[in-house]
Each structure stands twice: as structure tokens, then as C-alpha cells.
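Visitor: Could you walk me through this one and explain the labels as we go?
Guide: Gladly, let us have a look together.

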Amino acid sequence: MRELTFEEKQRLWKLDTPPIRKLMLWGRDSRKNPCLLILYGEQEIEEEIKSSPRAYYAEAYLLKPSVVYTKYAVFHGMNGHLPSIPNTYYYKEKDLICYTAGYKTAKGYWDYDEHGYEWIVEIEPKYIIKSYDMGERAAFRYYGEQSYSEYVSYLKDKNIRFQDCELIEHPGDLFGFEPDHPYMQAIIPMCSKERLYTRRKYLKQFMDMQPSVEDYDRLLQVASVELACGIFQELTEKRSPILLETAKRISESGELWDKAGYHSGLTRCIRQYLHLFDEKRMEEQKTYIYETLPEMDLHIKKLCLRHKVLEGRALEEYLSRPHAYQKIPYYDYDYNGSGQVFGGQKLYEKSTYTDGTNLYNTKFKDTIQMAKAYGMADAIGKIAYYLDAPRTPAYLKGSGRSGAFHYYQRYLRRTLDEYRASDEQKFITAAREMLTSYTDLDDQSLEDEPYFEMNYFFRTYFQEVILDQEAAEQSIWNRYREDVVYIARHAKAQPVHEFCYALLKRAYDQQTLEACEMKELIMLADIPYEKTAGLFKNLLFAKLEALQEFDGDVMVALMNTRSEELWQAAQSYFKRTNGKFQPQHLVEFLFMDTIEAWYGILEENIKHFTAEECSAFLKSLAAKREEFLERQIKLSEETAQLLQEPVAKLEAVTAMEQKELFLCYGSLVLQGTNMPDFLFGVAEAVLFGLPYKELKNILEEMDLGHGRLAQRAYDVIALLESLRTDRLPKDSVLLSVLETGSSRLVKTLTQIAGQLREQLTVRTAALMIFFECNVYHLNQIAQSVFEGMPDAKREQLHMLLLDSPLEQAYRYGIKKLDDWYGNKVPKSFIVRMMEHPCVEVKAYLSKKMEQAFADLKDVDPDLYLYYVKTLLYLPNQVSKSKEEIYHTIPVFLYYYPQRQPEIEALLLDIGSTNSKINSERALVALAGIRMGIRPAEEKQTAHKGAQQRNLEKEVGTK
């Protein structure tokens, strides 16, 4: 190939197809709206460049220095604003202009004509742009500087006119600046260059000139939606409030700068900018992003392949295979005939980012932009992981959204590059989130072993450290060893472990790890990756062997590992140094993940505590409250009970020590601070573990004032207040303690009730609570108080007992009926008992009546008349039984004629009532008596049996 000059090298072209060049100019249309004019022309080949004169094929081409523009298209703005710069394509074979997206998604096929086979591309009409041929060809040199004005002057001199577009001679006329203003050097390219990133570079240059609010407003008067979005995004990243008022004005105006779909992008960018300076809204947005972030990772919940639906466990097993997402076909022609899997099936649960079938692209992009704008480096790292793992990319590629996938990838790559260049800590934060998220199933290389060679972000930022020792030596990670250690401890993928090992091995070789403290070495020796753990075990065992005295903290750290090798080292160390745990060391046991394995040691030490050690242990427990909550420590029931055992030995410590512990735990409860359940149980044990008198003495000096408390804490304070003031707690407290309180609270309540039982005589509701509870001693206290009451008050409570639906209460009430009233149940009780829902109460009453009407020859006349009067006077009740009673009256008088005046008076009284049926029955019976009707004695038994059956049936119904 011949030697080329510098000018020719600029025109060198290595592709077979000549390039299509575009020239962007501005104008105004007939509606006075600014518009964008794009000229299209092919830069033709001037000469073929061959490797030698004898070569058959050209190695490259030399393009002509000028471009002849033959077609143009006009893009109109709206409401005084320029349109966004379109991504267009000149399809020369069909001589048409279309959007690039339409050309990329066009359907192609081979067709045959007289010239042979030809590849045909059919573009959807919606992507085709109306274009025009130039009336006269316009030729411009492509290389070298040429001003905007020169282009316009040339076209006007040639008298070339454009459809509904009058060219603007000077860009300053459109943007409101003087032609020679320094701003114009940035404004012209940022509003005319085809590449987005070039436009963004010039936008940053413009903003670096620190324009005023007026200058921004002048530019925004004609700016496209795309340019305005760029301005507000840059200001958001810079956290500059300079256009805060302008943003509010634009947001409130409601005027569209472009079609609604495009204008929504501007609305979104302005909203992000405004929220940046509204602390409350920004925190709400951050919280929203963190809460919805996992939904960006598109896990399939239902999949149909070859007419087989996979979900639940079957789907989990299918997706847990290596490379499962990559092996899902994009099309499955057996599925409902549509074929498309991603974007065709409802694969996902409906969420913030998907309707179950398709991704909400705008929301996805909005979250990424907000995360960057708000400096959420950890969120950026997490999203980068989602795009590096196979799940979300499988959807984006499989549904034909590869363009969106590459856009997100580039956006995050630029963001991470910016972090690495200007804010290393943000880069480390994002990278740490990524690396601790990977699993071996995220490998996209389709190899048997995970290498992550095809995972874009891992390959870009981390793989070089594994493969190149020099890269590991120069890596910025060497300045962030603690982060490397954190990643090594939490990594779940083999390549991530190898990345950490490469960095830590270098530090090991340079002996910089020897400065690690013993507890840190123990933690690192428990790393699940054996090669990395081995580095730290070597250092640990050497240091451990050098220790001659027992250190409880070191021992606890060794015990809190999952390595049996370290457990053996711990036991050896304990024996060699004659170890003994202090109370504070045993508290550290509660934070161990391996506490169940070492429970025997914890139990043995606690059981052999001295009284002073018990006190120290309980104080250490209280001091760790916040740490227990922060680390969300939960203990088994057995361990929780074990922690309360030291309270039993507190009687041996001094009164001052007892008081100090009491006040310590009392203040925790009074402050209303959250406590783990096991610590609250210890608090109850301490507060109620002292003898009654000693407890009262301490309470006299304690202020029990408090604010809002949870019910459990309120119950504790209420019992303490009761102890101090010698007043029974409120009924609501009694119920709460008996229903949900611990056994210690119930025991304390029993002691209080025993001391203050006289107050129960005026607390009927409290007495009933004690009668109906399942605490035997409280039942006994209630019975003792009840039996010592005056008769009038006792009768009222007695009826409440009989009304109780609980067996133990009404049985006791029935028993006292027998004890106090014998066979003659008072009338007021009969009414209550007949309406009782329990069969046992009704059966008792039925038995009493059976005794009253059993054998009229030998019945007690007074008892018989008592029940007759009681039942016959009851309004609208036991009507059938009343009729049987009327039948027994003649029989009764047959044996006891001396009681006839009393019976007649009763019947006359009932006969004068307003109840028609009762009145008729009474008068008929009275007439029969006065007429001297006497039943035969042999009929008595039959009457008696029928009467008893009806009475029992009636009482049972009621």
C-alpha cells in the first residue's frame, strides 16, 4: 500500500459500504416554531487502496473530501421548543429515511427476481420519516472547520429552499446570544452533534462556564426536552440549586415542550431535581428505592415450555441448575402458538417494575437516574449486579429490548467510572454491594465451572485482579483492605473469593496482615473459602501459641466460628491457660451464632456463679440492651430461662447492690425502651425477685412516673405501683397479667391480692376475674372474700357466679347454693338459672324441682307451695310446666286439705292478671277445687310422671 499523506489518512475508510453523512441545521416553520433540518448525503469513494498493484481486492478506500447532500428531513418543535435530536438512518437501497430503531427491528427475507436473489428489508410505516429530495445538490467539504453561517450562506446563494422550514442565519438568533459569545462555542455542538455523549460533553463545557440563571432561562426558552433533561440531570448530580425556581415554574406551568411521552421525561428529571432540595421528599424517594430495589431482579415465578407449566418447587429445581436462565429459549412455538417466552408469558409477579409480562422501562430508568442523582452508591452497585446476573438480561434480550439493556449497562459503567475517578469510596461501596451479591449460578460464560468471563461488570472491574498479579499490586483495593475482608467473609461465588484471595495473598506475602488483631484473625480464619482462610489460620495459630494467659474475649471469638479446627484450637487454648470465664464473657456467649453448641459451658458457669458474679452478670446483660436489639438476638426458651437463674442468688448481695440492680432494670422498663423478650424476662425476675417487704422498701424511694408504655411494660409498672401504694391494680391490668403475663407476674399479683384481699369486697369485677382465672391461689382468695361478705352483697355476687359461663365459677356457685339454701333455691336464683346456657346448671334446678314434686303424699308442704308460687308467678315462662303444676294442685290438696285457703288465694290472684292464658288456667283450677273435684289416687303417679317430664324439658330449653 502506498504512503498516504496526513490529509489522505483522514479520508481513509475500511468498510465496503461508503458512509452516510448528516448535517444538522436550524430553522423556523410556518407556525414560528423552531425546527431541526437534517441533510443526508453519501460520501463517495475516490480511490481504492490495495496492498500492492497486483492485489485483486481493495484493502481500504479513500473517500472524497466533500459530501454531496441529496435528501433532507424536517423535524418540527412544539410551543417554541426545538425537537430532540432523532436517531435516524438513510436506507439508500430504498431511498428513504427512517428511525434507526425501525431499521434494526425490520423484518428481512430473501426474494428472487430476474437478477437473482435479493435481501429485502420491510420497515414498519410508523418508523418511516417523511423526507424530500434536494432541489439542487449541496456539496460541503467534510474535513476541516466550517462555520454554521457558511452552510446557511451557501444554501441561500444556491437558492435551495426546504419544505416548511426557513433557515436561521445565525444560531445566536435562535438561542438569544450574540454570535461571538463564548457560550455559542458549546451551544452549537451540544444542540447539533449526532452522538449523545458528544452533546453531553459540550453541555458540561457550557455549565463549567457557570452561566447565570438568566443565561439558563434564555437557553431553556428554545431547548428541546432532551437538552433540558440533560441540564437538570447535571444540576442534580452537582447538587446545584441555581435553577430551583425555574424548575418549579416549568413543573407548575403544565405546558408541553414535545409530545406527552417525551415531555414525561422532562417532568421526571425536574421531579428528581426538586426532591433533591426537599429533605423529606428525598428521604421518601430513597426509602422507596431501597424497598423496591429487589423487584428489579426479575425472578421467574411461572414458566411454560412445550406445554408444560413449571411453578413452585418444580420451577425452583429447574432454575437452580447452572445457566438455567440462559438456556431458556426466547421462543417456544408450542406455547399457545405465540412462541415468545420473554415478553409473551406472564413470568413474574406484578411489581413496581413489571406488570408480570413486560418491564416498565420508564420506572426502571427513573430509579437508576434517581439512585445516581441522590448519591446512592450501594443502590447503583446492586442494580449493576442485577444487570450482570442472568435474570434481568434474559428478559431484556429475550423480549427484544437489547437496546435498553445496553443503555443501562453503559449508564452504569459511566457512573462507576466516575466514582472510580473522582470518589473512590463510592466506587468501593458500589463494588462491595455487587461482589457480595454474586452467586455461582450468576455465571454467564456457560462453562462447567464459574469464571464470570462473560459477566460484563465483573470482567470490567474485577477479573484483571485475578488474572494479572501486576494489576493486583496496583489495584485501588489495596487501600481498602477492610472492605476486601468484608467481601471475603460474605462472598457466595467462587470468582469473588478468588478476587479477594488474590488481594489478600499479596498482603500476606508482604507481611502486612500480621498487624491484624487476634479477634480479627479469628474472624478471617473462619472465611468459607479455604485458600483465604488458610492465610489467616497460619497467622492465628502462631499468635495463639504465643499467648500464655487466658483471654476470655479471644476464647469467645474462637467459639463463635463454624470451623471445627478452630474449636479444637479453642479447647486446647482453654486447657493450656487454665481458663475461667468472667460474667461479661458469658454475656458475649449470647451473641454467638454457635451458642447452642456451647450451651453446656454457659449453663455450668452460670450455675456456679457467686452472688457477686450474678450481680455483675445481670448488670452486663442490661448494658447490652441496644446491641441485642441492633443485632436482633433471639434465644431459645431454655437459654432465656437460664438467664433468670442468677436472680435467685441476689438475696446474698448487699441491700445497696440489690437496690442498684432494681433501679437499673426499673429504669429500662420505665423509659419504654424496646427490649428483647429474654431481657424483659430477666427484668421481671429482678424487679419481682426480692421478698415482699424489701421490695416495698425500695419502691418507696423510686419514682414510677412514665410516658407511653407497651402493655407488657405497663403491667409491670402497674404491679410495682400497686405494691408501693397498697392498692389493687385496675381490672384491665388484672386481665392483661392473667392472660399474657409471665408466671412471675402472676405470682406477684397473687401475693398482692393476698395482702389486699379486703379491697376485693368492693371490687366485684376483680373478684369475678379471680373466680374465672386458672390460678388456683387466686380462686381460693376470691372464695375466701366471697364467703366472708354480708348476705345482701353476697347474694348479688352469687348470682353473677351462677351466670358465669366458666365451669369452675358456676360449679362453685351451685355448691354454695346447697350449702346455704338446701332444697329451697331462692326465687331470684331460679330465674337466672333457668336462662343459663349450661346444661349442668339447668340440670341442678331440674333436680331441685323433682324433689319438690316427687311424691305429693310425702312432700314437704311448705317446699311444694314455695316452688308453686315461684313458677306460677313467672311471666310467659315454662307454660307447659305450669299446666302440669295446675294438675298437681288437686292431688296436693287431697293430702293437705288444710292448705286450701292459701291455694285459693294464690289462684284468685293469678286469675286477676292480664295474662289471658295464665288467668284462664288459674280460674279453671280454682273452680275445680271449689266444686270438690278430687283425682283418683291411682292417677297421681301418671300425673306426676307427665308433669316431671314436661318440667324438665321446659327448664332444659331455657
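Visitor: In which strand does Tyr117 lie?
Guide: Tyr117 lies in strand E10, strands being DSSP runs of E with at least two residues and helices runs of H or I with at least four, numbered from the N terminus. This is a predicted model, where local features need pLDDT of at least 70, side-chain atom pairs count only at pLDDT 80 or more, and totals for chains, interfaces and linings use all residues. Residues are numbered from 1 along each chain as its sequence is written, and side-chain values use heavy atoms, leaving out hydrogens and water.

Visitor: Why does Tyr117 count as exposed?
Guide: Its relative accessibility is 64%, so Tyr117 counts as exposed; the label means over 50% relative accessible area, buried means under 20%, and partly exposed is in between (1.4 Å probe, protein chains only).

Visitor: Which residues make the nonpolar surface patch?
Guide: Tyr109, Trp110, Tyr112, Tyr117 and Trp119 make the patch of about 700 Å². Strand E9 (107–113) and strand E10 (116–122) are the elements that give two or more residues to the patch, and E9 gives the most, with three. Patch residues have over 30% relative accessible area and no salt bridge (a side-chain nitrogen of Lys or Arg within 4 Å of a carboxyl oxygen of Asp or Glu), and nonpolar side chains (Val, Leu, Ile, Met, Phe, Trp, Tyr) are joined within 5 Å, like charges within 9 Å.

Visitor: What makes a space a cavity?
Guide: On a 1 Å grid over the protein atoms alone, a cavity is a set of points where a 1.4 Å probe fits but cannot get out. Four cavities of 30 Å³ or more are held in the structure, and the largest has a volume of about 60 Å³. H8 supplies four residues of its lining, the largest share.

Definitions and conventions: Areas by Shrake-Rupley, 256 points an atom, 1.4 Å probe, with all protein chains shown as cover. 1 Å grid on protein atoms, 1.4 Å probe; cavity = no way out; pocket = protein on both sides within 12 Å on 5 of 7 lines; lining within 4 Å. Points joined across faces, edges and corners; volume = space filled by probe spheres on them.
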